[in-house]
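Reader: Could you walk me through this model, starting with its cross-links and then its strands?

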Amino acid sequence: QVQLVESGGGLVQPGGSLRLSCAASGFTFDYYRIGWFRQAPGKEREGVSCISTSGLSTYYADSVKGRFTISRDNAKNTVYLQMNSLKPEDTAVYYCAAGRRATSSQDMCLMALSDYWGQGTQVTVSS
């Protein structure tokens with residue numbers, strides 16, 4: 001059974017940090033690109049950051065570039081999203097996803113080319 005389980009969300013003040021984790025099981029993790037997506041109330045889903053199977057190629061949305069860092073540990077079947085300098089506009093439900101259809105990390109994020117999705121974790125940035 002395929003599972004993607006996100007954790008690490010919560011309430012943080014503006015300027016604070018959070019690290020999200022996505023633990024995968026039920027499929028060959030290092031064959032799949034992994035992405036983080038988010039959706040705020042009333043807004044479209046956004047591809048935040050995506051990473052290649054090796055971890056050498058990454059993509060970041062302009063809105064998070066320089067503040068967020070994606071990484072993966074294939075030995076642990078886990079992907080991380082380190083989020084620094086958080087802003088109220090980062091408030092959303094964050095989802096991780098796994099896919100093999102995209103030919104680049106950018107394509108995966110921009111076109112949401114994913115085969116499996118997690119349930120999501122809430123991130124709220126507020127004072």
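Author: Happy to; below we go through the disulfides and then one sheet of this predicted model.

Reader: How many disulfides does the structure hold?

Author: A pair of cysteine sulfur atoms counts when the two lie within 2.5 Å. Cys22 and Cys96 have their sulfur atoms 2.0 Å apart, and Cys50 is joined to Cys109 with an S to S distance of 2.1 Å. The number of disulfides in the structure is two.

Reader: How many residues apart in sequence are the parts that Cys22 and Cys96 tie together?

Author: The link of these two cysteines is right-handed, with 55 degrees about the S-S bond. Cys22 sits in strand S3 (residues 18-25) and Cys96 in strand S9 (residues 92-99), so the parts tied together are separated in sequence by 74 residues.

Reader: Which helix holds Cys109?

Author: The link of Cys50 and Cys109 is right-handed too, with 105 degrees about the S-S bond. This pair connects distant parts of the chain, 59 residues apart. Cys50 belongs to strand S5 (residues 46-51), while Cys109 belongs to residues 105-111, helix H1.

Reader: Are Cys50 and Cys109 buried or exposed?

Author: Buried here means under 20% relative accessible area. Cys22 and Cys96 both meet that description. For Cys50 and Cys109, the answer is likewise that both are buried.

Reader: What is the pairing when the bonded cysteines are numbered in sequence order?

Author: One disulfide is formed by Cys22 and Cys96, and another by Cys50 and Cys109. Numbered in sequence order along the protein chain, the bonded cysteines give the pairing 1-3, 2-4.

Reader: Which side chains of strand S7 point to the buried face?

Author: In a regular strand, side chains alternate between the two faces of the sheet. Strand S7 (residues 68-73) shows such alternation: Thr69, Ser71 and Asp73 point to one face and are not buried. Pointing to the other face, and buried, are Phe68, Ile70 and Arg72.

Reader: Which residue in the turn between S7 and S8 has a positive phi?

Author: S7 and strand S8 (residues 78-83) run antiparallel and are joined by six bridges. Among the bridge partners, Phe68 goes with Met83 and Asp73 with Thr78. The two strands make a hairpin with four residues between them, and the turn residue with a positive phi, about 55 degrees, is Asn77.

Reader: Which strands stand at the edges of the open sheet?

Author: Four strands form this sheet with antiparallel pairing, in the order S1-S3-S8-S7. Each edge strand has a single partner, so one of its sides is left without a neighbour in the sheet; the edge strands are S1 (3-7) and S7.

Notes: Residues are numbered from 1 along each chain as its sequence is written. This is a predicted model: local features need pLDDT of at least 70, side-chain atom pairs count only at pLDDT 80 or more; totals for chains, interfaces and linings use all residues. Side-chain values use heavy atoms; hydrogens and water are left out. Buried means under 20% relative accessible area, exposed over 50%, partly exposed in between (1.4 Å probe, protein chains only). Two strands pair if DSSP finds at least two bridges between them.
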